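Q: Please take a close look at a single part of this structure for me. I am new to it, so go step by step.

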Amino acid sequence: MIIGLPKEIKDNEYRVGLTPAGVRALHDAGHEVIVEKSAGEGSGFEDTLYQRAGGSIIESADEVWSRAEMIVKVKEPIAPEYPRMREGQLLFTYLHLAPDRELTKQLIERKVTGIAYETITDRRGTLPLLTPMSEVAGRMAIQVGAHYLEKMSGGRGILLGGVPGVPAARVVIIGGGVVGTNAAKIAVGMGAHVTIIDNNLDRLRELDDIFLSKISTLASSAYMIHDAISQADLIVGAVLVPGAAAPKLVTQKMLKDVPNGAVIVDVAVDQGGCIETTHPTTHSNPTYYVEGVLHYCVANMPGAVPRTSTFALTNATLPYALKLANKGFYKAIGSDPGLREGVNTFSGHCTYEAVAFAQGIPFTSLDKLINSSSGATV
Ligand SMILES: NC(=O)c1ccc[n+]([C@@H]2O[C@H](COP(=O)([O-])OP(=O)(O)OC[C@H]3O[C@@H](n4cnc5c(N)ncnc54)[C@H](O)[C@@H]3O)[C@@H](O)[C@H]2O)c1
């Protein structure tokens with residue numbers, strides 16, 4: 001298969017879809033990998049590294065897109081990339097189609113096979129290609145929070161770990177999943193007092209086993225959240241209700257009781273945020289205040305650490321890219337029901353029910369299309 005690796009062109013996006021190690025694995029499996037010039041620059045991979053791994057460097061994005069049978073990317077295509085997409089091409093990337101009518105329309109009209117990282121599932125029913133970015137964002141949340149707690153950065157001037165004779169900062173993490181657990185690891189490591197709030201008691205039991213007496217756990221309720229954040233220096237929003245907007249667990253009224261200069265890092269901002277006063281911000285303008293509380297609500301936190309994020313993402317995506325390249329689309333999705341879950345558009349149709357529902361467009365089952373369009377049984 002010819003696999004194309006274009007340079008990401010979305011604003012402030014420095015990640016890239018494959019590391020040189022990924023190119024090497026695909027090349028060694030007998031595939032041709034064409035890499036757009038300087039595609040890996042933002043993540044610290046020079047063109048020569050890709051060449052040494054067996055990739056060919058191509059000057060123009062147009063040529064990469066026109067020759068590749070499968071495009072491996074990070075972010076969803078944006079307007080200048082639409083005309084480059086072509087019929088039957090496999091597009092393997094984050095797509096986040098539900099709110100993006102134009103991209104969905106383009107993928108359908110251009111008959112692209114859009115495989116979205118974010119809807120691929122594994123045997124446990126979790127989302128293996130979302131997990132690495134949640135790990136990055138969770139760990140970053142504390143790093144960022146510690147920075148903004150400094151006076152010069154606008155916070156209340158508190159050192160996360162305290163010092164002998166002075167108490168450590170109080171960190172309240174709402175949601176004890178992947179983001180919350182990774183945030184807790186860093187916060188505990190820095191010596192903070194950590195409380196994790198979740199509505200899943202089994203999850204709280206697991207966290208209690210993992211961290212022992214180093215954290216406190218609380219069952220989620222408006223009362224307990226209000227009480228915990230009233231004494232917090234740093235609040236991390238890390239809630240997810242799959243397929244739904246995040247519930248607003250912290251209201252603006254509650255913020256009146258949070259200490260002035262405390263910091264909120266609402267990682268769940270990409271699902272609308274779990275704090276009522278959250279709105280999405282960017283790396284170039286990441287913070288704002290409401291009720292004297294500093295809010296950091298960057299929707300693509302991993303973008304700030306592209307090198308780590310590229311390694312973390314491609315560790316998870318490469319096995320799927322290899323499977324698609326080695327077996328071809330039909331056999332790959334036939335042998336892996338979780339990969340099949342990633343197929344959002346195929347042959348001019350929307351094949352992911354939640355996307356079709358969100359946009360009020362027709363949903364067509366992939367089974368039906370595959371059987372009628374190719375006669376192949378997968
Ligand atoms: N901003 C970014 O850059 C970025 C990066 C990665 C992930 N995220 C987002 O972070 C959020 C969390 O992701 P995750 O991977 O940790 O999800 P997860 O499913 O692993 O964890 C979510 C947790 O929230 C808990 N929860 C649900 N309802 C709750 C409630 N009412 N009260 C308390 N807890 C509740 C769940 O029990 C679960 O433990 C998601 O919205 C994800 O998209 C954002």
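A: What follows covers one sheet, the helices on it and the ligand.

This is a predicted model, in which local features need pLDDT of at least 70 and side-chain atom pairs count only at pLDDT 80 or more, while totals for chains, interfaces and linings use all residues. Residues are numbered from 1 along each chain as its sequence is written, and side-chain values use heavy atoms, with hydrogens and water left out.

Start with the sheet. It is open and has seven strands, in the order β9-β8-β7-β10-β11-β13-β12. The pairing is mixed. Helices (H or I, at least four residues) and strands (E, at least two) are DSSP runs, numbered from the N terminus. Two strands pair if DSSP finds at least two bridges between them. The edge strands are β9 (215-219) and β12 (287-290), and each pairs on one side only. On average, neighbouring strands of the sheet are turned by 20° against each other, direction ignored. Axes here are lines fitted to C-alpha atoms, for helices over the stretch in contact, and angles run from 0 to 180 degrees between N-to-C directions.

Now look at one edge. Strand β8 (residues 193-198) pairs with β9 in the parallel sense, over five bridges. There, Ile 196 stands opposite Thr 217 in β9.

Helices come next. Helix α5 (residues 131-149) packs on the sheet and touches β7 (170-174), β10 (234-237), β11 (263-266), β12 and β13 (293-296). Contact means heavy atoms within 4.5 Å. The direction of α5 makes about 155° with that of β11. Helix α7 (residues 201-211) also packs on the sheet, touching β8 and β9. Its direction makes about 175° with that of β9.

Last, the ligand. It is surrounded by 28 residues, and the closest are Ser 134, Val 179, Asp 198, Asp 270 and Met 301. A residue counts as near if one of its heavy atoms lies within 4 Å. Backbone atoms take part in polar contacts (pairs of N or O atoms within 3.5 Å; within protein, one must be able to donate a hydrogen and the other to accept it, and residues adjacent in sequence count only if both atoms are side-chain atoms). A backbone N or O atom of Gly 177 lies 3.4 Å from a ligand oxygen atom. A polar backbone atom of Leu 240 is 3.3 Å from an oxygen atom of the ligand. For Val 298, a polar backbone atom is 3.1 Å from a nitrogen atom of the ligand. The protein covers 86% of the 860 Å² of accessible area that the ligand has on its own. Such areas come from the Shrake-Rupley method with a 1.4 Å probe; for residues, only the protein chains shown count as cover. The elements giving two or more residues to the shell are α5, α6 (178-189) and β8. Helix α5 gives the largest share, three residues.
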